[in-house]
Amino acid sequence: MELAYIPSPSRGVLYLGPIPLRGYAFCIIIGVFIAVWLGNRRWIARGGQSGTVADIAVWAVPFGLVGGRLYHVITDYELYFSPGRDWVDAFKVWQGGLGIWGAIALGALGAWIGARRRGIPMPAYADAVAPGIALAQAMGRWGNWFNQELYGRETHVPWALHITSSEGGRVPGYYHPTFLYESLWCIGVAFLVMWADRRFKLGHGRAFALYVAAYCVGRGWIEYMRVDDAHHILGLRLNDWTALIVFLLAVTYMIVSARLRPGREEIVEPLAADASGGPAAGAKPDAEPGEAAPEPADEPDTASEEAAGETESATKKS
């Protein structure tokens, strides 16, 4: 008898009359609110306007959901298009199955469209929302707990996840709670990015690249523990290869960007800068919120210099 383990919910959906309330969907919704809330605070601290992050999220979130689902369906097509399967299930997002790689890729496209419509540099926006995205992922992973899916190898550690469902080929037992591991890792990534951003004043998309690289490191070893069906290439799961490639791209971007565009953007939202009188009226470039602006340099007194010159000339003539 196991004295300690993480119990699985008896069911992942509750019904309010005929309306289903699904735990997976609630986790995603809560995650989106966290990302928008934190992103808005960071955007304002960078000199942007309140509400801009939410306005752009209206574009990013739907694109991200579609991208996440497309990645899952494409990489696990046999679940929907093989003999005996119903292709209509590919549209049932509430049953689980959102690939973070597709969500970030297509979500970035949606954010780019929203940012372009407002005349905002996309890299600055990405830097602002990066920690919030990591926290949203941390929350979203609990949706896997509600669905009793994406767990790791069998184990008897005190924090083992107790799987009770036998649907979909599951075998009841005790397994590594990879959803919990990834949730905790994402929280750590969020704090890492916020710390590094304050310490090194990351700009031009480097905070976002740091989030991507740090997440890929954790996803690599967590993915290796999972036992759900997946395509393998040279002995590694497809998502392990994806994590490796994306990690290398993120690190390369950080190095190249730091050399070509060091420092941080002075203006992240032109409308906000115009309303406050531009950078000269606010904090100095790369200053933290609340840091005083530098004293303006003393302008030469042109009128006094001209008067002194005339006096000297008159003295010589006399």
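The exercises below, each with a worked solution, concern a predicted model of a protein of 318 residues.

**Exercise 1. Overall make-up**

State how many helices and strands the protein has, what share of its residues is buried, and what share of its contacts between residues at least 6 apart joins residues at least 24 apart.

Solution. Begin with the secondary structure, which comes to 11 helices and seven strands. Next, take burial: 41% of the 318 residues are buried. Finally, turn to the contacts between residues at least 6 apart in sequence, of which 70% join residues at least 24 apart.

**Exercise 2. A hairpin and an open sheet**

Describe how strand 2 and strand 3 pair, and then determine which strands stand at the edges of the open sheet of three strands.

Solution. Strand 2, residues 13-16, pairs with strand 3, residues 19-22, in the antiparallel sense over four bridges, and Val-13 stands opposite Arg-22 of strand 3. Two residues lie between the strands of this hairpin, in which Gly-17 adopts a positive phi near 70°.

For the open sheet, write down the strand order, which is 1-4-5 with mixed pairing. Strand 1 (6-7) and strand 5 (173-175) are the edge strands, and because each has a single partner strand, one side of each is left without a neighbour in the sheet. As for the pairing of strand 5 with strand 4 (residues 161-163), it is antiparallel and runs over three bridges, with Tyr-175 of strand 5 as the bridge partner of Leu-161.

**Exercise 3. The packing of helix 1 and helix 2**

Characterise the crossing of helix 1 and helix 2, and classify the residues that make the contact.

Solution. Two packed helices are described by the angle between their axes and by the distance between those axes. The axes of helix 1 (residues 23-45) and helix 2 (residues 52-75) come within 10 Å and cross at roughly 145°, and the crossing is right-handed. From helix 1 the contact is made by Ile-28, Val-32, Val-36, Gly-39, Asn-40 and Trp-43, and from helix 2 by Thr-52, Val-53, Ala-54, Ala-57, Val-61 and Leu-65. Sorted by class, the contact has nine nonpolar and three polar residues, with no charged residues.

**Exercise 4. A bent helix**

Locate the bend in helix 5, and explain why helix 5 is described as largely enclosed by the rest of the structure.

Solution. Helix 5, spanning residues 122-140, bends by about 45° at Val-129, and Pro-131 is a proline that follows within four residues. For the second part, count the buried positions: 15 of the 19 residues of helix 5 are buried, so this helix is largely enclosed by the rest of the structure.

**Exercise 5. Two residues and their surroundings**

Decide whether Asn-147 counts as buried or exposed, and find the distance in space between Pro-270 and Gly-119.

Solution. Asn-147 is placed in helix 6, residues 142-147. Its relative accessibility is 17%, and because buried means under 20%, Asn-147 counts as buried. Apart from its neighbours within four places in sequence, Asn-147 is in contact with Tyr-24, Trp-94, Gln-95, Gly-96 and Arg-170.

Pro-270, in turn, lies in helix 10, residues 270-275, and counts as partly exposed at 37% relative accessibility. Although Pro-270 and Gly-119 are 151 residues apart in sequence, they are 7.5 Å apart in space, C-alpha to C-alpha.

How values were computed: Residues are numbered from 1 along each chain as its sequence is written. This is a predicted model: local features need pLDDT of at least 70, side-chain atom pairs count only at pLDDT 80 or more; totals for chains, interfaces and linings use all residues. Side-chain values use heavy atoms; hydrogens and water are left out. Two strands pair if DSSP finds at least two bridges between them. Buried means under 20% relative accessible area, exposed over 50%, partly exposed in between (1.4 Å probe, protein chains only). Contact means heavy atoms within 4.5 Å. Axes are lines fitted to C-alpha atoms, for helices over the stretch in contact, and angles run from 0 to 180 degrees between N-to-C directions. A crossing is left-handed if the near helix is turned anticlockwise from the far one by less than a right angle, and right-handed if clockwise. Ala, Val, Leu, Ile, Met, Phe, Trp, Tyr, Cys and Pro count as nonpolar, Asp, Glu, Lys and Arg as charged, and the others, Gly among them, as polar. The bend at a residue is the angle between axes fitted to the seven residues ending there and the seven starting there.
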